[in-house]
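User: I would like to learn how to read a structure feature by feature. Where do we begin?

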Amino acid sequence: MTLVDSLKTALARREAKEARRSLTLVPQGGRDFSSNDFLSLSTSPAYRDRYLGHLNNAPENAHFASGGSRLLDGNSAYAEELERFVAAFHEAPTALLFNSGYDANVGVLSSIPQPGDLILYDELIHASIHEGMRLSRAGKRKMFAHSSPMALREVLKAEIEADRDVQNGTRNVFILVESIYSMDGDMAPIKEFIEVVDDLLPGGNGYFIVDEAHATGVFGPRGAGVVQQLGVQNRMFIRVHTFGKALASHGAMVLCGPETRDYLINYARSLIYTTALGFPFLASIRTAYELLSSGETEQLQERLQQLIRHLHRRLGGLKVDPSVTLFEVDHFPTSPIFSIRTSQPRLLASHCRTHGYIARAIMSPTVPEGKERVRVCLHAGNTEEEIDGLVELIRGWLDSCFRLGAKL
Ligand SMILES: Cc1ncc(COP(=O)(O)O)c(C=O)c1O
């Protein structure tokens, strides 16, 4: 079999499982119930005007392309000032800019855990963290059941019993969670996790790494994230905030102590061996953080919460025929991400798309097999009328499935 034949066979296997991915164009003029642009900043005149202002007032010496790695020619006073600004906003000692959240997670996980260390990770943690863990030198990785402090306790207890070095502090223990999960939209019980770790590792060798990708801009004071909402920023070893979602930009920052920042500059290969973000991206990150820190996005956060309550109510009012075996709405009360579970997510998403509503089917392996769903995301720029239209579409689809005797 040639290489191309092997590739074709792998694709055919995915096709047979209805899990083959393909690139699609976003339909023009469709109502957005899909993107991660939760605050609708990417279409906001306030964002655009401020951003264009920054571009027009670029420092004399600004290079529009960075021209190299941060460690060579890609650094600038502008980038360093931006890091200080973002660190101050997040009440963190320092911040280090990466080209994406993916790069940040890979850089952190591949370099920070030391040989022999233990990593404990939530079963639904993001693919980029898995990628980083694969490259890591940690001695052991153990998964715990999603968002379960009890499961974390059990896994950690078993590791402590098996290896005295875990409790006496010789080994570092990393606990990896997302603050808001990207596919289900639920919030991690971070305070309860801290209690477990404080209880079982009183020596202080438990280190939290929290990915705030989906919380940035949406949760917490002025969108600073869940960790600051809970006031536990001093208990986090590393926080990762990404800018490609609610902040309408690109890149990510790792919030950490100065020694960790310095270590990453020396060892994180996804920072060292890549061209740094150029001025236009730095300016767009700056624009977003100025809007957050001035409080201008607070009304968008509030508007989003109104819309979340509206969709939550409307979906709750959907009468589903009892013969329908799988139609469930999973939703965390304040999250803009809704997971609509059905056995036919592709049909439902396509029905919505045909009527001008963009929502996407999320299939395995992006989510575990059996957990396929339509992921619906709300944005500050959606309207109640659009939401009502979406819910009516879902109702109509369910009715027609029922009439056709389709098994859901
Ligand atoms: C939880 C989480 N972490 C990290 C990333 C990666 O961020 P970026 O898109 O900036 O690479 C994503 C984006 O898909 C995400 O959902």
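Analyst: What follows moves from the ligand site to one helix, then to salt bridges and single residues. Keep in mind that this is a predicted model.

User: Start with the ligand. How many residues surround the ligand, and which are the closest?

Analyst: Begin with the shell of residues. Here 13 residues surround the ligand. The closest are Gly-101, Tyr-102, Asp-211, His-214 and Lys-245.

User: What classes of residue make up the shell around the ligand?

Analyst: Sort the shell by class. There are 2 nonpolar, 8 polar and 3 charged residues around the ligand.

User: Which N or O atoms of the protein lie by an oxygen atom of the ligand?

Analyst: Look for pairs of N or O atoms within 3.5 Å. A backbone N or O atom of Gly-101 is 2.7 Å from a ligand oxygen. Two side chains also supply an N or O atom. For His-214 the distance to an oxygen atom of the ligand is 3.0 Å. For His-126 it is 3.2 Å. As for cover, the ligand on its own has 390 Å² of accessible area, and the protein covers 80% of it.

User: Which helix gives the most to the shell around the ligand?

Analyst: Map the shell onto secondary structure. Helix 4, residues 101–111, gives the most, with 3 residues.

User: Is helix 4 mostly covered or mostly open?

Analyst: Count its buried residues, meaning those under 20% relative accessible area. In helix 4, 10 of the 11 residues are buried. Among them are Gly-101, Asp-103, Asn-105, Val-108 and Ser-111.

User: What happens at the start of helix 4?

Analyst: Check the side chains there for contacts with backbone nitrogens. A side-chain oxygen of Ser-100 comes within 3.3 Å of the backbone nitrogen of Tyr-102.

User: Now the charges. How many salt bridges does a search of the whole structure find?

Analyst: The search finds 22. Read a bridge in three steps: the distance, the location of each partner, then burial. Take Glu-296 and Arg-50, whose side chains meet at 3.1 Å, N to O. Glu-296 sits in the loop between helix 12 (279–293) and helix 13 (298–316), Arg-50 is in helix 2 (residues 45–56), and 246 residues separate them.

User: Are Glu-296 and Arg-50 buried, partly exposed or exposed?

Analyst: Partly exposed lies between 20% and 50% relative accessible area. Glu-296 is partly exposed because its relative accessibility is 38%. Arg-50 is at 29%, so it also counts as partly exposed.

User: How do the same steps apply to Arg-286 and Glu-81, and what is the distance in their salt bridge?

Analyst: Their side chains meet at 3.8 Å, N to O. Arg-286 is in helix 12, Glu-81 is in helix 3 (residues 77–89), and they are 205 residues apart. Arg-286 counts as buried because its relative accessible area is 15%. Glu-81, at 35%, is partly exposed.

User: Which residues are linked in a network of salt bridges?

Analyst: Look for bridges that join up. Arg-50, Glu-81, Arg-84, Arg-286, Glu-290 and Glu-296 are linked in such a network.

User: What about Lys-140 and Glu-159: how far apart are the closest N and O atoms of their salt bridge?

Analyst: They are 2.9 Å apart. Lys-140 lies in strand 4 (residues 140–144) and Glu-159 in helix 6 (residues 149–162), with the two 19 residues apart. Lys-140 is partly exposed at 37%. Glu-159 is buried, at 7%.

User: Where is His-379, and is it buried or exposed?

Analyst: Locate it, then check burial and contacts. His-379 is in the loop between strand 13 (373–377) and helix 15 (384–403). It counts as buried because its relative accessibility is 2%. A polar atom of the His-379 side chain lies 2.8 Å from the backbone oxygen of Ser-35.

User: What separates the C-alpha atoms of Leu-39 and Thr-297?

Analyst: Compare the distance in space with the separation along the chain. The C-alpha atoms of Leu-39 and Thr-297 are 7.7 Å apart, while their positions lie 258 residues apart along the chain. Leu-39 belongs to the loop between strand 1 (31–32) and helix 2. At 1% relative accessibility, Leu-39 is buried.

User: Last, the surface. Which residues make a nonpolar surface patch?

Analyst: Look for nonpolar side chains that are accessible and grouped. Leu-3, Val-4 and Leu-7 make a patch of about 310 Å². Leu-7 is in helix 1 (residues 3–16). Its relative accessible area is 47%, so Leu-7 is partly exposed. For the spacing, recall that an α-helix has 3.6 residues a turn, so residues three or four places apart point the same way.

Definitions and conventions. Residues are numbered from 1 along each chain as its sequence is written. This is a predicted model: local features need pLDDT of at least 70, side-chain atom pairs count only at pLDDT 80 or more; totals for chains, interfaces and linings use all residues. Side-chain values use heavy atoms; hydrogens and water are left out. A residue is near a molecule or strand if one of its heavy atoms lies within 4 Å of it. A polar contact is a pair of N or O atoms within 3.5 Å; within protein, one must be able to donate a hydrogen and the other to accept it, and residues adjacent in sequence count only if both atoms are side-chain atoms. Accessible areas come from the Shrake-Rupley method with a 1.4 Å probe; for residues, only the protein chains shown count as cover. Helices (H or I, at least four residues) and strands (E, at least two) are DSSP runs, numbered from the N terminus. Ala, Val, Leu, Ile, Met, Phe, Trp, Tyr, Cys and Pro count as nonpolar, Asp, Glu, Lys and Arg as charged, and the others, Gly among them, as polar. Patches are made of residues with over 30% relative accessible area and no salt bridge: like charges are joined within 9 Å, nonpolar side chains (Val, Leu, Ile, Met, Phe, Trp, Tyr) within 5 Å. A salt bridge is a side-chain nitrogen of Lys or Arg within 4 Å of a carboxyl oxygen of Asp or Glu. Buried means under 20% relative accessible area, exposed over 50%, partly exposed in between (1.4 Å probe, protein chains only).
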